[in-house]
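Hi,

Here is the structure I said I would pass on. Have a look, and my notes follow below.

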Amino acid sequence: MTDRTVPKPEWRRCAGLPASASGASQSRYRCATLEVPLDRTAPSSGTIELALLKIPATGPGHRIGSLLLNFGGPGGDGVDALAQAAPQYATLNARYDLIGFDPRGVGRSAPVTCVDDRTMDQITAEDDTPDTSAEETAYLARRASYAKACQAASGRLLPHVGTLDAARDLDAIRAAVGDPKLNYFGISYGTWLGGSYAHQFSGNVGRAVLDGAVDTRLTNAELGLQQAAGFQHALVDFGAACARLGPKACPLGGDGESVAAAARKILAGLDRKPLKTAGGRMLTQSLGDTGAAAGLYSKQAWPYLAQGLVDAVKRHDGTLLLMLADLQNGRKPDGAYDNLTAANTAITCADGTDRYTVADVRRMMPRFRKASPVFGPSMAWGLLQCTGWPVKGDDAAREVSAPTAAPILVVGNTGDPATPYAWASALVRSLGGGAALLTLKGEGHGAYDSGDACVRRVVDSYLLDGLLPANGATCD
């Protein structure tokens, strides 16, 4: 698509947006859709619509243009996420129109659908670390049934929701809003999307920040193994912080390792005896593991994880851990799910040809258990996510080299569980050219949204004034 062929969005008042955490007014927000080809190689395949949210620049100062934001995933929406997070980007919003978008296959943008909410409740609760042949048979049957349901409900979409196509959509949005260059802020999976854009459209890169970087050159097994180690490291760090509160506030252990061991025991016990919750659902081991992982994404969530573990052991109550799991799984209080899981699987399986077998899982299981006794087993079995998927996948999505692109700022957090810090320096090397690395010595997933003043100052200076820090700059 060229600038001349992209229609201009018709911006209107928004409806149905979630409120921001601060309760800020949304009267200035405008929403639109942008029509793009389903398959750019086959014009007769028709079109899909991408959902967009614009928050106009507030001033003072010269308007730079639009800043497109992707908050991660794959499968995470961008319209609702920006509506909720907008106050955190107020400094950037002074001189940029903030643009949130749901990538193709996600949220309001031709969403991939697979199963109904009741089935999702069953899937998220069922054992994802089979210990017996019967449990293994049931696990594999669920995987096969899910793939079949996705194909039946969304087969037309599945070949066209990968990152290669999503990056081309970014360029269509850039052209539609009238910007000669793409200014972009990508977090987590959004760094992969931004890297793919830079590779495909090097000459169109403006100011780009990639925070919580993914090393796209790794296999899915390598990604999972390093992620397991990252979550285990974060669990020990959480445990150390918990232990420092003393035995009354944290009756789980006297140091990080003992708290992590206590968490492992609590979560493993759910395999034999799930816990009741206030809403009547049961907290199973898979939900408990998910809830514990969710609690490690930010230091702000640590108190909820600590209380959830204490409630589990002292009161035999899984309510708080289930709440964390529901947030991670995209389950709303009314029992409805967003399409995060469906879109995550569809995009992941479109973005590579890795397809693992049960024999592969068994072979790699000792390494996963060593990386994380708590999270390793479920991550190892999770390697079967794309086994039997109806779309072959394309490894071209892993290529992010962009040596001729404008300098890109990559940000890494040394305590990041979901995108381990080593991935940030790896992405800098993969991008090439003038890419620079900014390091936060902190905790949690990503750096900018942690609220660290140093990171915000450096990132804002780059996006607002073009001041790229020296490669290797650090915020403590």
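To start with the inside: how many cavities of 30 Å³ or more does the structure hold? There are 3 of them. Bear in mind that this is a predicted model.

The largest cavity has about 60 Å³ of space in it. If you want to find it, look for L182, Y184, G194, Y197, A198, V205, G206, A208, L210 and I408, which line it. Three elements each give at least two residues to that lining: β6 (182-187), α6 (189-200) and β7 (205-211). Of these, β7 brings the largest share, with 4 residues. As for the chemistry, the lining of the largest cavity has 8 nonpolar residues and 2 polar ones, but no charged ones.

Now to the outside. Y304, M323 and L327 make up a nonpolar patch on the surface, and together they have about 320 Å² of accessible area. M323 is part of helix α11, which covers residues 319-329. Is M323 buried, exposed or partly exposed? It counts as partly exposed, because its relative accessibility is 36%, and the partly exposed class runs between 20% and 50%.

One last spot to click on is D116, in the loop between β5 (96-101) and α3 (117-125). D116 has 47% relative accessibility, so it counts as partly exposed too. Along the sequence, D116 and Y337 are 221 residues apart, yet in space their C-alpha atoms are 8.5 Å apart.

That's what I have for now. Shout if anything is unclear.

Cheers

Key
Residues are numbered from 1 along each chain as its sequence is written. This is a predicted model: local features need pLDDT of at least 70, side-chain atom pairs count only at pLDDT 80 or more; totals for chains, interfaces and linings use all residues. Side-chain values use heavy atoms; hydrogens and water are left out. On a 1 Å grid over the protein atoms alone, a cavity is a set of points where a 1.4 Å probe fits but cannot get out, and a pocket is an open set with protein on both sides within 12 Å along at least five of seven lines; lining residues have an atom within 4 Å of a point. Grid points are joined across faces, edges and corners, and a volume is the space filled by probe spheres set on the points. Ala, Val, Leu, Ile, Met, Phe, Trp, Tyr, Cys and Pro count as nonpolar, Asp, Glu, Lys and Arg as charged, and the others, Gly among them, as polar. Patches are made of residues with over 30% relative accessible area and no salt bridge: like charges are joined within 9 Å, nonpolar side chains (Val, Leu, Ile, Met, Phe, Trp, Tyr) within 5 Å. Accessible areas come from the Shrake-Rupley method with a 1.4 Å probe; for residues, only the protein chains shown count as cover. A salt bridge is a side-chain nitrogen of Lys or Arg within 4 Å of a carboxyl oxygen of Asp or Glu. Buried means under 20% relative accessible area, exposed over 50%, partly exposed in between (1.4 Å probe, protein chains only).
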